[in-house]
Amino acid sequence: MRKPRRPFRRSSGLGALALAGALAATLLLTPTGTAQGAPPAREAAAPQGQTGLRAADPSVLRVGSTYVGVQSTGGGIVVRQASSTDGLATAPARQVWSDSRGRGEVWAPEIVMDGGRYYIYFTAGVGAAHRMFVISSASPDSGYGAETQLALPDDRWAIDGTLFTFEGQRWFVWSGWAGTTNVEQNLYIARMSSPTQPTGARYVISQPRESWERVVGNPFINESPEAIKDPNGQLHIAYSANGSWSDQYCLADLRLRKGGDPTYVWDWYKSNGCLFGSNRATMMAGWEPTLYVNGPGHHTFVLLHGDINTSPPAGPRFPSVYHAVAKGTPYSWANRHWYTGSFVWWGDTTYSRANVPGPTSDKGWSLKFFE
């Protein structure tokens with residue numbers, strides 16, 4: 001392990017704070033028109049969106065008019081259901097899994113649907129032993145069986161994994177180590193032959209090598225990948241960069257070029273800075289830092305059935321949930337809350353790069369996040 005050491009990860013707990021500044025959480029939020037050109041003027045009276053959940057690493061999907069959220073609570077996992085994303089904070093928490101086998105720290109559960117069945121992927125372990133596990137059920141908040149460890153290629157430290165289907169192929173994307181030591185956290189992708197069975201090799205698709213994602217490190221970090229499809233049908237992986245223990249934590253984007261190979265790292269184009277963050281110096285040109293929160297990160301796109309093939313069109317705002325710390329509050333893992341926010345697709349956005357194979361720039365859709 002490298003020095004100085006940071007705690008490996010954040011823990012989640014429940015708070016008793018009341019809901020504050022809630023955003024509407026229907027699938028279709030306030031229309032904003034087609035997301036093109038310069039960013040819109042800042043909305044001075046925008047609600048803050050902090051929920052009553054003092055917790056981290058949200059994962060939320062929509063089933064009909066019901067929102068389903070999953071959260072780690074010490075040595076277990078709970079599921080909540082509500083009629084809005086804000087309502088999840090006060091919804092009953094039903095425990096769906098407990099660490100009866102002493103797996104260790106339980107981090108960042110991610111709920112998805114595949115073939116009408118619910119799958120919750122999560123990390124468990126201690127130190128270098130963290131690995132990805134999965135449980136499944138026909139019901140969102142009951143009936144889950146014992147956990148199964150995913151046999152990810154190379155069997156390395158792995159966290160923040162999630163499943164998605166793109167162009168008929170299941171994929172699993174996660175944050176992990178190249179080797180057996182905590183040097184940096186990269187993003188990896190692998191094919192899946194079923195929701196529980198990886199197949200073939202793992203492929204690195206992003207490493208924290210840009211200056212704006214190396215402000216806070218040791219290790220330097222790319223984590224919390226979330227897949228979505230843009231209005232052009234191209235695949236995006238939005239992810240968190242910089243150490244989660246600092247207010248430099250932020251969201252950035254990987255865009256797969258049109259017709260690109262998800263396993264080929266140079267077919268992915270990275271945003272030239274944070275797209276959702278609280279520090280102006282690390283923001284992509286034209287993107288503004290947050291007004292109300294520090295260190296926004298580890299978000300979830302609130303999609304129907306959690307399926308990227310239901311990704312929203314251009315134009316309206318759609319809901320998202322992320323964790324952050326309120327401005328004016330000491331930045332610490334213990335002070336993180338779930339926040340409700342929204343996002344739109346942002347067109348004609350160029351991501352550029354240098355000294356790598358392939359074209360040096362790629363124009364397409366990006367993402368604009370709102371508190």
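About 140 Å³ of space lies in the largest cavity of this predicted model. A cavity here is a set of points, on a 1 Å grid over the protein atoms alone, where a 1.4 Å probe fits but cannot get out; grid points are joined across faces, edges and corners, and a volume is the space filled by probe spheres set on the points. Counting those of 30 Å³ or more, the structure holds five cavities. Sixteen is the number of residues that line the largest one, where a lining residue has an atom within 4 Å of a point. Glu-110, Val-112, Thr-162, Glu-226 and Gly-306 are the lining residues that lie nearest its centre. Strands β1 (59-63), β5 (105-114), β9 (158-166), β13 (220-229) and β17 (293-301) are the elements that each give two or more residues to this lining. Sorted by class, the lining has ten nonpolar, four polar and two charged residues. For that sorting, Ala, Val, Leu, Ile, Met, Phe, Trp, Tyr, Cys and Pro count as nonpolar, Asp, Glu, Lys and Arg as charged, and the others, Gly among them, as polar.

A word on how the values were obtained. Residues are numbered from 1 along each chain as its sequence is written, and side-chain values use heavy atoms, with hydrogens and water left out. As this is a predicted model, local features need pLDDT of at least 70 and side-chain atom pairs count only at pLDDT 80 or more, while totals for chains, interfaces and linings use all residues.

Now for the overall build. The protein has 20 strands and zero helices; both are DSSP runs numbered from the N terminus, with helices being H or I over at least four residues and strands E over at least two. Of its 371 residues, 58% are buried, where buried means under 20% relative accessible area, exposed over 50%, and partly exposed in between (1.4 Å probe, protein chains only). The protein exposes about 13,600 Å², and carbon and sulfur atoms supply 51% of that; the areas come from the Shrake-Rupley method with a 1.4 Å probe, and for residues only the protein chains shown count as cover. Among contacts (heavy atoms within 4.5 Å) with a separation of 6 or more, 58% are between residues 24 or more positions apart.

Next come the cores. In soluble globular proteins, nonpolar side chains tend to be buried together. A nonpolar core is a set of buried Ala, Val, Leu, Ile, Met, Phe, Trp, Tyr and Cys residues joined through side-chain atoms within 4.5 Å. The largest one here has 46 residues, and those that touch the most other members are Phe-164, Ile-205, Leu-235, Ile-237, Phe-301, Leu-367 and Phe-369. Strand β19 (residues 337-352) gives the most to this core, with six residues. Another core, of 17 residues, lies apart from it and includes Trp-97, Val-106, Ile-111 and Phe-122.

Setting aside neighbours within four places in sequence, Ile-237 is in contact with residues including Phe-164, Ile-205, Asp-253 and Trp-268. Asp-253 itself sits in strand β15 (residues 250-256) and, at 0% relative accessibility, counts as buried. With the same neighbours set aside, its contacts include His-236, Ile-237, Tyr-269, Leu-275 and Tyr-351. Asp-253 and Leu-275 are 22 residues apart along the chain, with 7.4 Å between their C-alpha atoms.

His-337, in strand β19, is buried too, with a relative accessible area of 4%. Its C-alpha atom is separated by 9.4 Å from that of Pro-58, although the two are 279 residues apart along the chain. In strand β7 (residues 131-137) lies Ser-137, which is buried at 3% relative accessible area.

Finally, a few backbone oddities. Most residues other than glycine have a negative phi, and most peptide bonds are trans. Asn-218 and Pro-219, however, are joined by a cis peptide bond, with omega about 5 degrees. Pro-219 is found in the loop between β12 (197-206) and β13. In strand β13 itself, Ser-224 has a positive phi, near 55 degrees, without being a glycine. His-305 also has a positive phi, of about 60 degrees, and is not a glycine either. Ser-224 is buried at 1% relative accessible area, whereas His-305, in the loop between β17 and β18 (318-326), counts as partly exposed at 33%.

Technical notes: 1 Å grid on protein atoms, 1.4 Å probe; cavity = no way out; pocket = protein on both sides within 12 Å on 5 of 7 lines; lining within 4 Å.
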